[in-house]
Amino acid sequence: MGWKTKDIPDQTGKRAVITGATGGLGYETALALSRAGAEVILTGRSQKKADDAMARIRAEVPDANIAYRSLDLGAIANVTAFAESMVADFDRLDLLINNAGVMMPPERQTTEDGFELQFGTNHLAHFALTAALLPLLSAANGRVVTVSSLAHRFGHLDFDDLQATENYSPSRAYGQSKLANLVFAIELQSRSDTSGWGITSLAAHPGMSSTDLVANGPGTEGVMGAVSGVFIKLLGQSSAAGALPQLYAATNPTVKPGEYYGPNGLFEMRGAPKAARISSAAKDPTTAMRLWQISEQLTDVHYPVVSLDA
């Protein structure tokens, strides 16, 4: 049968932050963690969507310990302000799920900071958010789960044109951002090990799932929309099933630090969580170091270096 939400250990006393938690995978993750007893902080940009999501959760989990905080991943200043408010209000954070994402807008768009929308939202904002929340995560020996995609296998980090100013392709930019997510997650674990941050970094992907990310993407109208919908129905799975790998990474006590989890079915498109295949590009240490340095430069956010001998 495989691992299900009923297998989530008791999360009472754990505090979690989920980006993009008002719909899709993020909502399903928030619902499952609430059922397991965790304190869950949902984030997003819409108060209305947040109110609706929390009402739905409370309808299923009347005693859910949930709250909403506004977070716009399209602006690094907003990410920083959100993290500062968290540090001011809390002494620890057990779980950060970097779940929110943008998928293949047909025309090139940019964040408030001028980054290509997918690279800026999917990778750079989560890179900055994790750094700013690191004190809280370290205090709890917490976990960070960053959501990647099957598309990472087709991604290429074009360091000469990371912002796709010269040649924008929706799918290429998306694949690059999802590869960056996985490279970041693996490198975060490596740096935690060498710098003594005390956190566990993992990555996950939902396979082919029916989520808000897909629904709001480009091929949602006309023939392409119809084909995409049929394809997902035939080969894919629900958003609740798609959330299982990130829930597994977030809560299973047997996970391996730095590991990547996805569905166990055909081509990892659907099924119960298992260790997923990582592309060679995602495991390249030179690529990881270069991406890390460039991400710090672009966001002006710098991770601490802590001596293990201190």
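Two residues are in contact when heavy atoms of theirs lie within 4.5 Å. With this in mind, the reader may follow the structure above, which is a predicted model.

Glu 187 provides a starting point. This residue belongs to helix α5, which covers residues 170-195. Apart from residues up to four places away in sequence, Glu 187 touches Ala 288 and Trp 292. Is Glu 187 buried or exposed? Its relative accessibility is 13%, and a residue under 20% is classed as buried, so Glu 187 counts as buried.

The contact with Trp 292 leads to helix α10, where that residue is found. Helix α10 comprises the 15 residues 285-299. At 1.5 Å a residue these should span 21 Å, and the end C-alpha atoms are indeed 21 Å apart, so the expected and the computed values agree. Which residues of α10 are buried? They are Thr 287, Ala 288, Leu 291, Trp 292, Ile 294, Ser 295, Glu 296 and Thr 299. A general rule helps in reading such a list: an α-helix has 3.6 residues a turn, so residues three or four places apart point the same way. The buried residues of α10 pack against α3 (76-89), α4 and α5. Just after α10, Asp 300 takes a positive phi of about 60°.

Trp 292 itself deserves attention. Because its relative accessibility is 3%, Trp 292 counts as buried. Leaving aside neighbours within four places in sequence, Trp 292 is in contact with Phe 127, Phe 184, Glu 187, Leu 188, Arg 191, Trp 197 and Tyr 303. One of these, Phe 184, is 108 residues away along the chain, yet the C-alpha atoms of Phe 184 and Trp 292 are separated by 7.3 Å. Ring pairs also join Trp 292 to a cluster whose other members are Phe 127, Phe 184, Trp 197 and Tyr 303. The structure as a whole holds 8 aromatic pairs. A ring can also lie beneath a charge: the charged end of Arg 56 sits over the ring of Tyr 27, 3.9 Å from the ring centre.

The strands come next. In a regular strand the side chains alternate between the two faces of the sheet. Strand β4, residues 95-98, has Leu 95 and Ile 97 pointing one way and Leu 96 and Asn 98 the other way. All four of these residues, Leu 95, Leu 96, Ile 97 and Asn 98, are buried.

Which strands pair with β4? Strand β1 (residues 15-18) runs parallel to β4 and is joined to it by 3 bridges. Within this pairing, Ile 97 of β4 is the bridge partner of Ile 18. Strand β5 (residues 143-147) also pairs with β4 in the parallel sense, over 4 bridges. Here Asn 98 stands opposite Thr 146 in β5. Between β4 and β5 the chain passes through helix α4 (residues 117-139), and this β-α-β crossover is right-handed.

Finally, the loops contain some points of interest in the backbone. Met 104 lies in the loop between β4 and α4. Although Met 104 is not a glycine, its phi is positive, about 50°. Glu 268 is located in the loop between β7 (260-263) and β8 (273-275). Glu 268 is likewise a residue other than glycine with a positive phi, near 60°. With a relative accessibility of 7%, Glu 268 counts as buried.

Technical notes: Residues are numbered from 1 along each chain as its sequence is written. This is a predicted model: local features need pLDDT of at least 70, side-chain atom pairs count only at pLDDT 80 or more; totals for chains, interfaces and linings use all residues. Side-chain values use heavy atoms; hydrogens and water are left out. Helices (H or I, at least four residues) and strands (E, at least two) are DSSP runs, numbered from the N terminus. Buried means under 20% relative accessible area, exposed over 50%, partly exposed in between (1.4 Å probe, protein chains only). Two strands pair if DSSP finds at least two bridges between them. A crossover is right-handed if, with the strands pointing away from the viewer, the path from the first strand over the helix to the second runs clockwise. The expected span of a helix is 1.5 Å times one less than its number of residues. Rings of Phe, Tyr and Trp (its six-membered ring) pair if their centres lie within 6.5 Å; planes under 30 degrees apart count as stacked, over 60 as edge-to-face and the rest as tilted. A charge sits over a ring if NZ of Lys or CZ of Arg is within 6 Å of the ring centre and within 35 degrees of the ring normal.
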